[in-house]
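Me: Please show the structure, and then take me through its interior and its largest pocket.

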Amino acid sequence: MKVLIQRVKKAGVNINGETVSSISKGILALVGIEKEDTREQVEKLAKKVVNLRIFPDENDKMNLSLLDVQGEMLIVSQFTLCGDCKKGTRPSFDKSAPPQIANELYEYFVSQIQSYGVKTGTGVFGAMMEVSLINDGPVTFMLEG
């Protein structure tokens, strides 16, 4: 499982010109699910994301978590994070989980984030989406588990 997180001032998802979800200050999380991923990995990464100290404190030091700042999270499924670009010029998606399993674990990730009391927005699994954001920093991290 791969989760690319970006600290944002705001972010949103549009489909066919219509906003389907948006957040203010918080984290945009792009989530890639691989074949071998488990619910335990999802739980571990959800806990890590909400507790990762990537927001500035009163001294402008990254010392506060999403929970500390009562931030929001926009969670978007992105299977291309599982792409392997080591050979040739066309990515291989052999490691990506089949859509049904990927969607189940993606939805479980969303529910785990919500269990921490975080206001969430989501993309639409499998849809062609336009994701917009104002990156705060920029601050971006890749988490794997």
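The questions and answers below treat the core and then the pocket.

Reply: This is a predicted model, in which local features need pLDDT of at least 70, side-chain atom pairs count only at pLDDT 80 or more, and totals for chains, interfaces and linings use all residues. Residues are numbered from 1 along each chain as its sequence is written, and side-chain values use heavy atoms, with hydrogens and water left out.

Me: Which element gives the largest share of the largest nonpolar core?

Reply: A nonpolar core is a set of buried Ala, Val, Leu, Ile, Met, Phe, Trp, Tyr and Cys residues joined through side-chain atoms within 4.5 Å, where buried means under 20% relative accessible area with a 1.4 Å probe, protein chains only. The largest such core has 29 residues, with Val3, Ile5, Ile27, Met73 and Phe109 among those having the most contacts inside it. Elements giving two or more residues to this core include strand S1 (2-15), strand S3 (26-32) and helix H2 (99-115); helices (H or I, at least four residues) and strands (E, at least two) are DSSP runs numbered from the N terminus. The largest share, seven residues, comes from H2.

Me: How many residues of the lining of the largest pocket are nonpolar?

Reply: A pocket is an open set of 1 Å grid points, over the protein atoms alone, where a 1.4 Å probe fits, with protein on both sides within 12 Å along at least five of seven lines; lining residues have an atom within 4 Å of a point. Of the 19 lining residues, the closest to the pocket centre are Ser77, Gln78, Phe79, Gly126 and Ala127. Ala, Val, Leu, Ile, Met, Phe, Trp, Tyr, Cys and Pro count as nonpolar, Asp, Glu, Lys and Arg as charged, and the others as polar. The lining has no charged residues, five polar ones, and a nonpolar count of 14.

Key:
Buried means under 20% relative accessible area, exposed over 50%, partly exposed in between (1.4 Å probe, protein chains only).
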